[in-house]
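Biologist: I would like to go through this model with you and hear the reason behind each label.

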Amino acid sequence: MLIVGLTGGIGSGKSVAARMFKDEGAYVIDLDELARRVVEPDKPAWRDVVSYFGTGILNPDRTVNRSALAEIIFSDPESRKALEGFTHPRIFEEQDTLVKAIKGQDPCSIVVIEFPLLFELRFQNKFDKIILVYAPKDAQIRRAGERDGVSEEEVDKRLRAQISIEEKRLLSDYIIGNEGSLQSTRNQVREVMRELRKLSRKKEGEDICS
């Protein structure tokens, strides 16, 4: 099994690339999806979050209002640290359960973990390889603003809370440029998958993974 981290900055197109990796045969685990799962109403992390931040961050159906929570944590590092303490252990527990299940059914699999804060949390050494989905900062701001319905200033504030996309380029094994057409991005994903399959066969043995 090859465990690969897929990361990028806000608005870089990680989710688009992740879907393409899935189309090419990789198993994809989305940590944002797991983050939503662990704070579903009445789960332990949900109770911790509501106790700390109050019921003002809830929607009428008692789900967490992620936009309201984001405004708080990107303005207050202590609140962000508290949220991470409530959610991260549960997220990684869910991730490990999924990885073990995949390994049990497909030992030669390539597992791509979509991990927005991979570098910020210093998880580089947890992966066999790291892929960065790259888009220049102006594209990030435009896309994230359109997607989330927030101002350029708000997106820029969130970007400043993360390691810059240019620094992440230097720390990654593969770069997928997502500033062009979708076909261009898909071609790059296919090329990376070819390389990952070679590595997987080498790691597990040609006879096992052929």
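Biologist: How many helices and strands does the protein chain have?

Modeller: The model is predicted. The protein chain has ten helices and five strands.

Biologist: Why is the protein chain called as compact as a globular protein of its length?

Modeller: Its radius of gyration is 18 Å, and the globule rule gives 17 Å for 210 residues; the two values are close, so the chain is as compact as a globular protein of that length. Along the principal axes, the C-alpha atoms fill a box of roughly 55 × 40 × 30 Å. Of the 210 residues, 45% count as buried.

Biologist: What makes Tyr-52 and Phe-86 an aromatic pair, and why edge-to-face?

Modeller: The ring centres are 5.7 Å apart, and the rule asks for centres within 6.5 Å. The planes stand at 65°, and an angle over 60 degrees counts as edge-to-face. Therefore the pair is edge-to-face. By this rule the count comes to six aromatic pairs.

Biologist: Which parts of the chain does the pair of Tyr-52 and Phe-86 link?

Modeller: Distant ones: Tyr-52 is in helix H3 (residues 44-53) and Phe-86 in helix H5 (residues 77-105), 34 residues apart.

Biologist: Why is Tyr-52 called partly exposed, and is Phe-86 buried or exposed?

Modeller: Tyr-52 has 42% relative accessibility; partly exposed covers what lies between under 20% and over 50%, so the label applies. Phe-86 has a relative accessible area of 18%, and buried means under 20%, so Phe-86 is buried.

Biologist: Where is Ala-82, and how do you know that Ala-82 is buried?

Modeller: Ala-82 is found in helix H5. Its relative accessibility is 15%, and the limit for buried is under 20%, so Ala-82 counts as buried. Ala-82 and Tyr-52 are 30 residues apart in sequence and 8.3 Å apart in space, C-alpha to C-alpha.

Biologist: What makes Phe-115 and Phe-127 an edge-to-face pair?

Modeller: Their ring centres are 6.2 Å apart and their planes are at 70°. The limits are within 6.5 Å for the centres and over 60 degrees for the planes, so both conditions are met. Phe-115 and Phe-127 lie in the loop between strand S3 (110-114) and strand S4 (129-134), so the pair ties together parts that are twelve residues apart in sequence. Phe-115 is buried, and so is Phe-127. Ring pairs also link Phe-92, Phe-115, Phe-123 and Phe-127 into a cluster.

Biologist: Where does the charged end of Arg-169 sit?

Modeller: It sits over the ring of Tyr-134, 4.4 Å from the ring centre. The distance cut-off for this label is within 6 Å.

Biologist: What lines the largest pocket?

Modeller: The lining has 42 residues, and Asp-32, Arg-36, Arg-66, Phe-74 and Pro-116 lie nearest the centre of the pocket. The volume of the largest pocket is about 1300 Å³. H5 gives the most to this lining, with seven residues. By class, the lining divides into 19 nonpolar, ten polar and 13 charged residues.

Biologist: Which residues lie closest to the centre of the second largest pocket?

Modeller: They are Lys-22, Val-28, Ile-29, Asp-30 and Glu-33, out of 14 lining residues. Helix H1, strand S2 (27-30) and helix H2 each give two or more residues to the lining. The second largest pocket holds about 240 Å³ of space, and its lining has seven nonpolar, one polar and six charged residues.

Biologist: What is the phi value of Asp-42, and why is Asp-42 called partly exposed?

Modeller: Phi of Asp-42 is near 75°, a positive value in a residue other than glycine. Asp-42 is in the loop between H2 and H3. At 40% relative accessibility, Asp-42 is neither under 20% nor over 50%, so Asp-42 counts as partly exposed.

Biologist: And why is Arg-122 called exposed?

Modeller: Its relative accessibility is 72%, and exposed means over 50%, so the label applies to Arg-122. Arg-122 lies in the loop between S3 and S4, and its phi is near 60°, again a positive value in a residue other than glycine.

Biologist: How do you know that Gly-149 is exposed?

Modeller: Gly-149 has a relative accessible area of 65%, and the limit is over 50%, so Gly-149 is exposed. Gly-149 lies in the loop between H6 and helix H7 (152-160).

Methods:
Residues are numbered from 1 along each chain as its sequence is written. This is a predicted model: local features need pLDDT of at least 70, side-chain atom pairs count only at pLDDT 80 or more; totals for chains, interfaces and linings use all residues. Side-chain values use heavy atoms; hydrogens and water are left out. Rings of Phe, Tyr and Trp (its six-membered ring) pair if their centres lie within 6.5 Å; planes under 30 degrees apart count as stacked, over 60 as edge-to-face and the rest as tilted. Helices (H or I, at least four residues) and strands (E, at least two) are DSSP runs, numbered from the N terminus. Buried means under 20% relative accessible area, exposed over 50%, partly exposed in between (1.4 Å probe, protein chains only). A charge sits over a ring if NZ of Lys or CZ of Arg is within 6 Å of the ring centre and within 35 degrees of the ring normal. On a 1 Å grid over the protein atoms alone, a cavity is a set of points where a 1.4 Å probe fits but cannot get out, and a pocket is an open set with protein on both sides within 12 Å along at least five of seven lines; lining residues have an atom within 4 Å of a point. Grid points are joined across faces, edges and corners, and a volume is the space filled by probe spheres set on the points. Ala, Val, Leu, Ile, Met, Phe, Trp, Tyr, Cys and Pro count as nonpolar, Asp, Glu, Lys and Arg as charged, and the others, Gly among them, as polar. The radius of gyration is taken over C-alpha atoms; the globule rule is 2.2 Å times the number of residues to the power 0.38.
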